[in-house]
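Q: Please take a close look at one strand and its surroundings. Then go through the side-chain pairings elsewhere in the chain.

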Amino acid sequence: MILLGSASDFKIAEKALDILEQLEIPYDIRVASAHRTHEKVKQIVLESTLRGVEVFIGIAGLSAHLPGMIAANTHRPVVGVPVDVKIGGLDALFASSQMPFPAPVATVGIDRGDNGALLAAQIIGIHDEDVRKRVSGLRQGFYEKVQRDEYQLLNNIEGSYYAPTNIEMPDIDKGLFPTSSSENPDPDTPMVAVIPGSYSDMKIAKKTTMFLERMGISYDMNVISPVRYPGRFEEYMERMAGVKLFIAISGLSAHVTGAVVALSEKPVIGVPCPMRMGGLDALLSMVNMPPGVPVGTVGVANGGNAAVLAAEMLGIGDQKLENRVKRLKSKSSDFG
């Protein structure tokens, strides 16, 4: 279910619709303002949840409270797409991502309706192998587009000192990412991999794992930097190929989330850490990913919301976990 805060946001929604059409995922779309049509939003969300909608996408600009209002009225995962109306869309980005516990919004980059839809598809793909395969094909298409663009670019270079080298490229027919057997999954594989980029991120990581344990979600945690130890990082990603999703926790330029999403087709939840600039550098680096590689970013230092978001994603196919999410959210609000 896609909700627009205003009809003027439709140009951003079109990017999402295009992805959902390519991936053959049924959707509905409505226009409802969190401030001007409060009851309409609430009714759409409550009825859609009862009907079995698995993921909500809220697209809004300015003081974009629409995704947050959706999250307040459902136990399903909510993807937020901030829209650039004023000040470069930062107002909408902050309103979408900086949600209180336990009402997370998986926020993607400003105006990135395509990434919002792709993240929604990745979430659905946790429990739907057909969708997962189509997402894989779409990601391969992004790879092939980069290859075509490079070919066209290099063919137009005529410099006297241009000295091209022959670099062997990966065989994309064999797949771009480590995979695990869905038919015979390893029973010891955890549901979630939690990856702090450094030991300075451990305080937030421990809050994340505390709530994962509270929700009964198995996890692995490994402190490893893709910048300092790129080889070890790739080896770890290969070992974790069977997890359902990743939670990456990082400050500064937030390379951890970018490295994870580059090496996996699974949903990636990002938690920015306030090491400098109040975490603004990490938030912007984490959320504003290019097309095809979404990171569902939660608020700065909000490891608890990352765990709740993971539980909402996993709860789509797990009734017991879904009930735990409902109980957690009902204790914190009037949500029933």
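A: What follows starts with one strand and moves on to side-chain contacts.

This is a predicted model, in which local features need pLDDT of at least 70, side-chain atom pairs count only at pLDDT 80 or more, and totals for chains, interfaces and linings use all residues. Residues are numbered from 1 along each chain as its sequence is written, and side-chain values use heavy atoms, with hydrogens and water left out.

Start with strand β8, residues 245–250. Helices (H or I, at least four residues) and strands (E, at least two) are DSSP runs, numbered from the N terminus. Six of the six residues of β8 are buried, so the strand is largely enclosed by the rest of the structure. Buried means under 20% relative accessible area, exposed means over 50%, and partly exposed lies in between (1.4 Å probe, protein chains only). Both faces of β8 are covered. Leu245, Ile247 and Ile249 are buried on one side. Phe246, Ala248 and Ser250 are buried on the other.

Now the strand's partners. Two strands pair if DSSP finds at least two bridges between them. Strand β6 (residues 192–196) runs parallel to β8 and is joined to it by five bridges. Here alanine 193 has phenylalanine 246 of β8 as its bridge partner. Strand β9 (residues 268–272) also pairs with β8 in the parallel sense, over five bridges. Isoleucine 247 is partnered there by isoleucine 269 of β9. β8, helix α9 (residues 255–263) and β9 form a right-handed β-α-β unit. Right-handed means that, with the strands pointing away from the viewer, the path from the first strand over the helix to the second runs clockwise.

Next, a residue in another strand. Phenylalanine 56 lies in β3 (residues 56–61). Its relative accessibility is 0%, so phenylalanine 56 counts as buried. Arginine 76 is 20 residues away in sequence and 7.3 Å away in space, C-alpha to C-alpha. Beyond its neighbours within four places in sequence, phenylalanine 56 contacts (heavy atoms within 4.5 Å) residues including Met1, Leu3, Val45, Ile70, Arg76 and Val79.

On to the rings. The structure holds one aromatic pair. Rings of Phe, Tyr and Trp (its six-membered ring) pair if their centres lie within 6.5 Å; planes under 30 degrees apart count as stacked, over 60 as edge-to-face and the rest as tilted. The pair is phenylalanine 101 with phenylalanine 211, tilted, at 4.7 Å centre to centre and 45° between the planes. It links distant parts of the chain, 110 residues apart: phenylalanine 101 is in the loop between α4 (90–97) and β5 (106–107), and phenylalanine 211 is in helix α7 (residues 202–214). Phenylalanine 101 is partly exposed at 33% relative accessibility, whereas phenylalanine 211 is buried at 8%.

Last, the charges. The structure holds six salt bridges. A salt bridge is a side-chain nitrogen of Lys or Arg within 4 Å of a carboxyl oxygen of Asp or Glu. One of them joins glutamate 129 to lysine 133, with the closest N and O atoms 3.9 Å apart. Both residues lie in helix α6 (residues 129–155), four residues apart, about one turn of the helix. Glutamate 129 is partly exposed at 34%, and lysine 133 is exposed at 55%. Another salt bridge joins glutamate 312 and lysine 329 (3.0 Å, N to O). Glutamate 312 lies in helix α11 (residues 303–314) and lysine 329 in helix α12 (residues 319–332), so the pair ties together parts 17 residues apart in sequence. Both glutamate 312 and lysine 329 are buried.
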